[in-house]
Structure formats: C-alpha cells, structure tokens
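Hi everyone, thanks for coming. I'd like to walk you through a model with the sequence and structure up on the screen.

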Amino acid sequence: MGSLLFRGREGGEFEKAADCAVALGGQRGAAFLGDFDADGLLDVFAVSENPCRIWQNRGAGKFEETMVQSGEIEHVYNGKGISGNTCDFNSDGRQDVFVAYADREPQLFFNRDFRSFGHAHEVDLAESGRLPETHRGIQAGLVADLDGDGAQDMAVVAPGGDVWVIRRDRGDPPLSCRAVLPLGEGYPGPLSVTAWDDDVCLGAWNVVAGGSAALFGKAEGGLLRLKWRFPGGQEQSREVEVLKPIRVELPMGEKAKP
C-alpha cells in the first residue's frame, strides 16, 4: 500500500488527497524528510521491519523508490528500524542519515553525494563497543547540535529509559550555517530552504518556527546564498559569509490566513 498526499495551498489550506507511492514497508516504522540528492526537492526516507526505502521526489507529487541505487545502506540496514532523522554529522554540506533500531545499536550513514550512502564505521557504536547499553536497541534517538557549538551530537534513549548524549568534539567548530524561522506572528512554516555554494545546490531543508532548522555545512570558509519562498510570494535570497558556525533568522513573512 502507498499513502495519501495532501498538497499545500496558500492560506494554510490543502488540496484534496491524492494517491502517493510513498510507503513504509512494514507494520512498525517511521518516515522523515531530506533532500538526499540535493536537487531542491524533499525526499522521504522510510524505516520499518522490512528493508528501508528512499522515495526520491520527482516533482508534481510523484515519488520513486530508489534504494537499490543508494550505496551501502541497502545492505547494512538490517530491518526493525523504528525512527531516524536527517543530519549532517560530518559538516560537509551533504545530508546524512541516522537510523534507530529496536534490536541493536543505532547507525549513521554518510552521504557521498547523489544519494549514495556509506556506513560511518568511525562512529559506529557496535564496532567501537562504546555505549553497550544500546546493544539491545533503543527507544528513540536523534542527531542534532545539542550544545550549540556548531557540531552535531547524538542522543539516545536506552531500553531502560536512561538518556545518553555523545558529544561530537573535533577541536575547532565546523563551519556551518543554521537557518531558522523566528517565533512570532509571521509565517510559522513549514518552509523549504535551500543553499547554494556558487552554482552547486546543497539541498533543501524543511524549516518550522521553533522547531526544525536548515543546516548547511561547509568544508571551507566562504559565501553561501540562501533561497526560500513564502506561500504566495516571490523567491527571496540572502548571501551569508560562513567563517564560523552562524545562525541566520529568515524574514518572518506574512502570517498564513486561517
């Protein structure tokens, strides 16, 4: 079975539901968004008791399952995935994947580019023997910048309920731009934000006020151009210089009409 897609319209309304190919693939699972091929369109990553799936966004509400073209992750993922999230744990500007399992340690997969994922052996909890409390699986977890230093950390909830945080510490803070929507009376999101390094797109992130942000890592200091468009408006852009981890508040835009 697939799913239903409610395409958004201006004013906070939605079109009638349309059939969509995106499916989890098992009784228990979850899905999250990411632009894994950096084409400016949000794709869907699905985990479940069966093999995980990457649904590539082809535009116009059409999605194609492309896991067979996505590198090591197809073979390393062992099923029983319960959740995950999109991240950039190595700060290279490509969107990576964190996967949580019900019966084993979580895993990280780095994006080689063009939606090809490799197994991140250097930070694999099973291979290092670090945090044995997670060897029977976890209840929940995520990768995010939890201490505000520009580097993304890992947090997991062990089977017994203990919460563990593994901080990433690589010396100098990695270069990155974090774009957010401010809380207030303006548009609360979701808002798709992309960044461009010269003529190279670093992908799209889904941004919500007070919630998810866009994170664009950069290997070397320099300029990035952020682009976004509020519902019913024209495309906007802003050039930012990234010489350290920076946080950028996007203009609030008009509040969507009820």
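**Strands, pockets and a few backbone details**

Let's begin with a pair of strands: β20 and β21 pair in the antiparallel sense, over seven bridges. Strands here are DSSP runs (E, at least two residues) numbered from the N terminus, and two of them pair if DSSP finds at least two bridges between them. Within this pairing, W228 has Q236 of β21 as its bridge partner.

A word on where this comes from. The model is predicted, so local features need pLDDT of at least 70 and side-chain atom pairs count only at pLDDT 80 or more, while totals for chains, interfaces and linings use all residues. Residues are numbered from 1 along each chain as its sequence is written, and side-chain values use heavy atoms, with hydrogens and water left out.

Back to the sheet. It is open and has four strands, in the order β18-β17-β20-β21, with antiparallel pairing. Which strands sit at the edges? They are β18 and β21 (236–242), each of which pairs on one side only. On average, neighbouring strands of this sheet are turned by 25° against each other, direction ignored; the axes are lines fitted to C-alpha atoms, and angles run from 0 to 180 degrees between N-to-C directions.

Now for the pockets. The largest pocket has a volume of about 1400 Å³. To spell out the term: on a 1 Å grid over the protein atoms alone, where a 1.4 Å probe fits, a pocket is an open set of points with protein on both sides within 12 Å along at least five of seven lines, and lining residues have an atom within 4 Å of a point. The volume is the space filled by probe spheres set on the points, which are joined across faces, edges and corners.

This largest pocket is lined by 39 residues, and G8, L42, P190, S192 and N206 are the closest to its centre. Strands giving two or more residues to the lining include β7 (53–59), β17 (191–197) and β20 (222–228). The largest share, four residues, comes from β17, a strand we just met in the sheet. By type, the lining has 18 nonpolar, 12 polar and nine charged residues. Here Ala, Val, Leu, Ile, Met, Phe, Trp, Tyr, Cys and Pro count as nonpolar, Asp, Glu, Lys and Arg as charged, and the others, Gly among them, as polar.

P190 deserves another look. A cis peptide bond joins G189 and P190, with omega at about 5°, and P190 lies in the loop between β16 and β17.

The second largest pocket has a volume of about 610 Å³. Its lining has 28 residues, with A144, Q152, W205, S212 and A213 nearest its centre. That lining divides into 13 nonpolar, 11 polar and four charged residues.

Two residues have a positive phi although neither is a glycine: A60 at about 60° and R115 at about 65°. A60 lies in the loop between β7 and β8 (62–65), and R115 in the loop between β11 (107–111) and β12 (117–119). Buried or exposed? A60 counts as exposed because its relative accessible area is 59%, whereas R115 is buried because its value is 6%. The cut-offs are under 20% for buried, over 50% for exposed, and partly exposed in between (1.4 Å probe, protein chains only).
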